[in-house]
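Me: Here's one I'd like to go through slowly. Pick the core of this model and give me a close look, with the cut-offs for whatever terms you use.

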Amino acid sequence: MAHLGSRRGRALALPVGLALTASLGFLPSGASAAELSDAPAAAVTSDGPKLSYVVNVDGGHSTAKSVKKAIAAAGGTVVVAYDQIGVIVVHSQNPDFAKKIRKARGVVSAGATRTAPLSVQGDKSVGGGTQVLTEAEAKAAAARATDEQDALEPLQWDLPAIKADKAHQRTLGSKRVTVGVIDTGVDDTHPDLAPNFSAAKSANCVSGKPDTTAGSWRPNPGESDHGTHVAGTIAAAKNGIGVTGVAPGVKLAGIKVSTPDGFFYTEAVVCGFVWAAEHGIDITNNSYYTDPWMFACKDDADQKALIEAVTRATRYAERKGTVNVAAAGNSAFDLAADSIVDDSSPNDSTPGGRTIDPKKCLDYPAMLPGVVTVSATGAKGLKASYSNYGHGVIDVAAPGGDRTAYQPPEAPAVNGLILSTTVNGGYNYKGGTSMASPHAAGVLALIKSRHPQAGPAALKALLYAQADKRACTNPYDIDADGKVDAVCEGGKNKNGFYGAGVVDALDAVRW
């Protein structure tokens with residue numbers, strides 16, 4: 001399998017090496033969701049590891065109230081209750097908490113969101129293999145930039161690949177449109193991001209409830225720049241410096257959901273979608289999968305609950321007017337296959353090899369109903385070597401970069417990966433479906449700018465209709481070793497590599 005690196009349950013960027021680690025841990029918050037007392041439950045001996053759980057409830061407010069009493073009786077402490085979707089986040093040291101609470105009236109499902117205790121700290125190293133932008137490259141690009149281009153834009157082969165450069169001659173997008181970056185945090189002090197950043201719509205959701213302390217949405221020193229890179233691809237300002245985003249006139253919000261050791265747990269992801277739904281965010285970008293399971297299976301009581309909680313959150317966001325976009329993943333898997341070997345789950349304790357059915361075990365949020373699933377292409381327009389694919393699963397494709405040796409860009413660009421913003425005012429290259437998804441989110445932001453009254457269903461329909469149709473590229477031997485690396489199924493209008501096609505920014509602003 002030819003791909004850029006390990007996916008390892010983190011953010012879905014593959015900057016040529018290991019997947020990235022990420023962001024901030026559990027912080028105090030000023031949550032607007034319904035919060036409960038955190039007094040510990042009495043009469044239950046809790047001597048197990050402290051774990052986090054989601055409890056999914058049906059039956060309205062009265063039922064939720066009785067479930068909260070049952071949670072306390074079972075040795076649980078409510079962290080936050082999202083009564084609007086019937087999801088309660090709980091901490092407990094009772095090893096039998098999940099089994100007990102599942103028996104309570106009104107509980108649909110409940111499960112631990114992790115297999116390691118809350119206090120566990122893992123690998124905090126920032127992802128290996130990010131490629132730096134050299135001073136020589138920067139100077140050469142600035143010398144080639146036209147009056148209409150930002151200084152580093154000549155190195156951004158991805159913009160003309162989706163006709164974003166031509167779209168910018170018509171419009172940069174509307175400041176009334178906001179894209180939420182649900183990720184490892186966004187460094188809004190970056191000069192290319194600061195002009196478009198909305199602090200009022202940003203938060204830290206790592207604990208499962210939102211913290212709106214100023215700057216809480218930023219990565220701390222030494223933490224991953226993944227979310228900052230994603231943000232730049234979406235909406236880096238067109239201001240004469242650095243890079244240009246796909247929609248450089250729209251607003252950005254940072255919604256931080258990744259722990260210091262790089263995990264995107266269910267309670268944080270749920271918080272992120274609910275926050276977006278309730279704070280006027282038009283599009284969310286989700287370049288990760290939800291840990292600790294690369295694929296969560298509906299026939300497992302714990303994993304079923306995790307899928308249910310995030311599904312409720314994404315559906316709630318869409319009902320509130322938000323379009324959710326997600327990266328397809330970087331394991332070169334056929335997500336429409338009969339079976340897939342998942343040997344990396346659970347990734348927060350001891351992984352065990354298992355064969356899963358992707359119709360029953362989901363990579364979420366990417367494989368959830370209603371979510372726009374994005375595969376990655378390289379500079380030659382082919383499916384990227386690492387990108388997941390699957391007929392009926394992939395909705396659209398977008399530039400995510402690939403090894404320069406596999407898909408070299410045309411001059412003056414010199415690197416086959418995606419150039420975007422990093423922390424401390426810098427720029428670097430990364431590759432992955434993490435980089436493809438924000439291109440699609442940016443195009444959706446342009447569509448929303450053009451059609452401000454359009455709801456999620458209409459916006460998605462326009463995205464798919466406007467995409468540049470791309471037929472299957474078979475035989476697919478991306479590393480030219482004489483062996484077929486993947487098989488694309490489907491026709492020109494819809495197939496497993498490119499979905500409905502490659503997103504088109506120019507059509508987004510002229511239709």
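Reply: Val-325 has its bridge partner in β15, and that partner is Val-372. It belongs to a parallel pairing of strand β11 (residues 323–327) with strand β15 (residues 372–377), which runs over three bridges. Two strands count as paired if DSSP finds at least two bridges between them. The elements themselves are DSSP runs numbered from the N terminus: helices are H or I with at least four residues, strands are E with at least two.

Before going on, the ground rules: this is a predicted model, where local features need pLDDT of at least 70 and side-chain atom pairs count only at pLDDT 80 or more, while totals for chains, interfaces and linings use all residues. Residues are numbered from 1 along each chain as its sequence is written, and side-chain values use heavy atoms, with hydrogens and water left out.

Zoom out from that valine pair and you get an open sheet of seven strands, ordered β7-β8-β6-β9-β11-β15-β16, with parallel pairing. Its edges are β7 (203–204) and β16 (396–399), each pairing on one side only. As background, strands of a sheet pair through backbone hydrogen bonds, either parallel or antiparallel.

Now for the helix on this sheet. α6 lies across β6, β8 and β9, and runs at about 160° to β6. (Axes are lines fitted to C-alpha atoms, for helices over the stretch in contact, and angles run from 0 to 180 degrees between N-to-C directions.) How much of α6 is buried? Ten of its ten residues are, where buried means under 20% relative accessible area, exposed means over 50%, and partly exposed lies in between, using a 1.4 Å probe and protein chains only. The buried set includes Gly-227, Thr-228, Ala-231, Gly-232 and Ala-235. What covers these residues includes β6 (178–183), β8 (251–256), β9 (283–286), β17, β18 and α9.

Take α9 from that list. Helix α6 (residues 226–235) packs against helix α9 (residues 433–450) at an angle of about 35°, with the axes 8 Å apart. The crossing is right-handed; in that scheme the near helix is turned clockwise from the far one by less than a right angle, and anticlockwise would be left-handed. On the α6 side, the residues are His-226, His-229, Val-230, Thr-233 and Ile-234, and they meet Ser-434, Met-435, Pro-438, His-439, Ala-441 and Gly-442 in α9. Contact here means heavy atoms within 4.5 Å. By class, that interface has five nonpolar, six polar and no charged residues, with Ala, Val, Leu, Ile, Met, Phe, Trp, Tyr, Cys and Pro as nonpolar, Asp, Glu, Lys and Arg as charged, and the others, Gly among them, as polar.

β17 and β18, also part of the cover on α6, sit in another sheet. That one is open, has three strands in the order β5-β18-β17, and is antiparallel. The edge strands are β5 (131–132) and β17 (418–421), each pairing on one side only. Between β17 and strand β18 (residues 427–430) there are four bridges, and Thr-421 has Tyr-427 as its bridge partner in β18.

A couple of spots elsewhere are also worth a click. Gln-303, in helix α8 (residues 301–319), is buried at a relative accessible area of 3%. Leaving out residues up to four places away in sequence, it touches Trp-293, Phe-295, Ala-296, Cys-297 and Arg-354. Gln-303 also lies 6.6 Å from Gly-111, C-alpha to C-alpha, although the two are 192 residues apart in sequence.

On the aromatic side, Phe-263 and Tyr-265 are both buried, and they form a stacked pair, 5.5 Å centre to centre with 20° between the planes. Rings of Phe, Tyr and Trp (its six-membered ring) pair if their centres lie within 6.5 Å; planes under 30 degrees apart are stacked, over 60 edge-to-face, and the rest tilted.

For scale, the protein chain has eleven helices and 18 strands, and 62% of its 511 residues count as buried. Among its contacts with a separation of 6 or more, 77% involve residues 24 or more positions apart.
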